[in-house]
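Me: I'm new to reading protein models. Could we go through this one together, with the reasoning behind each term?

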Amino acid sequence: MAQYSRISGSVGLITLKNPPVNALSAAVRQGIVDTVEKALCDPQVKSVVICGQDGVFCGGADVKEFEKSMSGPPLIPMIHSIECATKPMVAAIEGSALGGGLELALGCHYRIAHSKARLGLPEVTLGLLPAAGGSQRLPRLIGVPAALDLITTGRHVTAAEALQLGIVDQVTDHKTVDAAVKFALSVAGKPLDARRISTYPCPVVTDLDALFEDVMQKVRQSARGAIAPIACVQAVRAAATLPYTRGMEREKELMATLFTSGQARALQYNFFAQRAVGKWRMPSGARWDTSTPRPVHKVAVIGLGTMGRGIAVALAQAGLPVVTVEAQEKQLMEAKRVMSDMLKRGAKRRGVAPPLDKISYSSNIQDLADVDLVIEAVFEDMDLKKKVFLQLSAVCKPGTLLCTNTSGLDVDQLASQTRNPELVVGMHFFAPAHVMKLLEVVYGPRSSPQAVATAMQLGKKMGKISVAVGNCRGFVGNRMLKLYTEQASFLLEEGATPDLVDRAIEEFGFPMGVFRMSDLSGLDIGWRVRKEMKLAVPGQSARIREGRRYSPLGDLLCEQGRFGQKTGRGWYRYNKPGDRVAHSDPWLHHFLEEYRAQHGLVARRIDQQEILERCLYPMINEGFRILQDGIAAGPEDIDVIYVFGYGWPRHCGGPMFYASMVGLEKVLERLEHYYQAHPDVPYLQPCSLLRRLVAIGSPPVQKWREVIKNLHSQL
Ligand SMILES: CCCCCCCC(=O)CC(=O)SCCNC(=O)CCNC(=O)[C@H](O)C(C)(C)COP(=O)(O)OP(=O)(O)OC[C@H]1O[C@@H](n2cnc3c(N)ncnc32)[C@H](O)[C@@H]1OP(=O)(O)O
Ligand SMILES: NC(=O)C1=CN([C@@H]2O[C@H](COP(=O)(O)OP(=O)(O)OC[C@H]3O[C@@H](n4cnc5c(N)ncnc54)[C@H](O)[C@@H]3O)[C@@H](O)[C@H]2O)C=CC1
């Protein structure tokens, strides 16, 4: 709703009221229509200020209403009538003015923002475009190139940048409403013709065609199959080339296609999923709102390799003092240099001073006596990690949380080395740790809710999207990934090439195919793990191990020193070690042919559909198993992990949402088909939760938690 009052004698004040972000629900839109009319009819009122309650202007359309049929006054005529008003309308922007919220402000004649406010048109991130006039007004106000940047990326700008771009007229450090009222008093009675953005001509751009061609090409490349960014470019083009009313028709047309698209549904699901994972719960019943985190003032990182460096930098960037410990002197010196550079580059990007003094470097574990939390990032070696946890338990003060960044080892085994196993959790970051948004917080059977709450809160402070998951080999992300990479290797045995598989995966929307990714991360990492598990045995090429199909291809490459980019050879060829451009490698094709001949395998033609089904459906099946085992609380957790940790295209929602879009019945049928064809791959057998969901009519993904709950209560 919206509240109306009159202040300072002649200013009508309209306050949007819909906590927490004053989203433009039907009631709020109705409130705006009613209060604007009241203000315009009130002869005492000479100008009007629109603001939002509780320090937020407006977070845009109420996304929860998108699934229902539209009711209440539509946004476009509402904003139009504000723009047409004969009394000055001033938007007082605090907190956020996003999407429909900014479009509402653009309909006003003036905009005053608080210095801490953020503005933007993030519709593209929800699979939409700014279709309440935003795509037509913003280019008229700030020019085509700047509008294209904001609308196609959806990025939020600070008040300072908004002022520089010309989106707002004034920025204040004081009370925004007071400043807006003062401003409204000063403009009362002034002519408004020059303030109605829809009447502005779009600023002229030299060689418009070349500009749009260039932008479209870039957007297509970065969109990875998403349709909304392309529609955004088309809408801005309409603003640049058509009169306002025709541009609005084009905006409406483009929006109509997007609004009902599967991609918009996936992106909106993902928006809520990101928020849902913060509301974690453990099988014990412990949950986010009943568990209090411990204070964390000082943190330690042990092991300054690839991961430790990124983690320590991310902690320092979050403002925390970090003590780092590295066993090898040479590695310590190298880490110090590399981390200083990382901090300097990050600070330059953000326009702040590099927090170099936040990190101290040591080679002595005794220096960790007074920290509140330790993140261990030494080699992936259980014996070594156990030793480190034993030492940490002796050295650290009582109450220190001990966390491991292991990619998949048993967190509980590490906990058992310590005096306080309840204070041990996994904090599984993703490489590069100062960039990647995802953090898996892994609780073992003995981890306390307080320990989980502390790790989740620290993740949030570091700007990560943290997902609490149970303890099993590989946790959620890597447990599913193992099947994906294994299937990709099977496809090579059966006749595919790395290029063919990667092309299918990349066309689906992943930034990198499975083999390119494997070359980037290093083939030796998985090899070391498989050797430790006694699965990989040098010199052996058997294709059945531990009673199931096994592909030794990756091991055979490692035996030849082909570790990927770092050695200049892997699934692809690189011009030199460390080079990033992958070239198809005739040696590898020949090697595959010889391998098939040796094992009596006949290469067959494998199409894109089979590649996708074979790589993605087993992962999805494992996702169902993870839900069934209670390792993830809901499908949202798995989807957020995959989108933010593994590059699953966000416009496909995540693996579990994607399964619901494809149709659970179809996923089940294809898994049955592949399991029949490959009975030596047990994980292809459809899991019982998937069968159960299909049996009850494939309910939407939002209802799966109930089914899982019932399933668990019956066990
Ligand atoms: C065919 C024609 C159809 C016409 C359709 C017209 C289409 C449009 O007019 C276009 C639009 O506006 S689409 C919406 C654009 N707005 C956005 O994307 C902003 C989304 N919100 C944010 O970024 C942050 O919440 C924000 C920065 C605002 C605040 O961040 P915080 O970190 O402070 O808070 P959150 O935890 O993110 O959010 C708090 C609670 O509010 C819920 N929420 C946020 N924005 C919402 C929104 N726009 N609609 C509905 N709910 C929304 C959010 O889910 C969370 O809820 P709980 O988790 O239940 O507390
Ligand atoms: N590299 C990756 O992409 C990811 C790795 N991880 C996990 O993070 C951990 C670390 O991995 P990386 O950084 O890749 O390893 P790395 O090999 O790059 O670095 C490990 C570092 O630990 C140091 N170290 C070993 N023992 C030590 C000790 N007792 N005290 C202090 N320092 C010691 C080593 O000298 C080395 O500098 C592993 O558990 C790994 O599975 C997790 C996510 C992603």
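Me: What share of the contacts in the chain with a separation of 6 or more comes from residues 24 or more positions apart?
Reply: Residues 24 or more positions apart account for 71% of them. Two residues are in contact if their C-beta atoms, placed from the backbone, lie within 7 Å. This is a predicted model, where local features need pLDDT of at least 70 and side-chain atom pairs count only at pLDDT 80 or more, while totals for chains, interfaces and linings use all residues. Residues are numbered from 1 along each chain as its sequence is written, and chains are lettered from A and ligands numbered from 1 in the order in which they are written.

Me: How do you know whether the radius of gyration agrees with a compact globule?
Reply: The radius is taken over C-alpha atoms, and the globule rule is 2.2 Å times the number of residues to the power 0.38. For 715 residues that gives a value near 27 Å, and the chain has 28 Å, so the two agree. The C-alpha atoms fill a box of roughly 90 × 60 × 55 Å along the principal axes.

Me: What makes a run of residues a helix or a strand, and how many of each are there?
Reply: Helices (H or I, at least four residues) and strands (E, at least two) are DSSP runs, numbered from the N terminus. By that rule the chain has 28 helices and 19 strands.

Me: Why is strand β6 called largely enclosed?
Reply: A residue is buried if 20 or more other C-beta atoms lie within 10 Å of its own, exposed if 12 or fewer, and partly exposed in between, with C-beta atoms placed from the backbone. In β6 (residues 110-114), 5 of the 5 residues are buried, so the rest of the structure largely encloses this strand. In a regular strand the side chains alternate between the two faces of the sheet. Here Tyr-110, Ile-112 and His-114 are buried on one side, and Arg-111 and Ala-113 on the other. Across the chain, 49% of the residues count as buried.

Me: How do you know which strands pair with β6?
Reply: Two strands pair if DSSP finds at least two bridges between them. β4 (residues 89-93) has 4 bridges with β6, in the parallel sense, and β9 (residues 170-172) pairs with β6 in the parallel sense over 3. Both therefore meet the cut-off of at least two. Ile-93 has Ala-113 as its bridge partner in β6, while Ile-112 has Gln-170 in β9.
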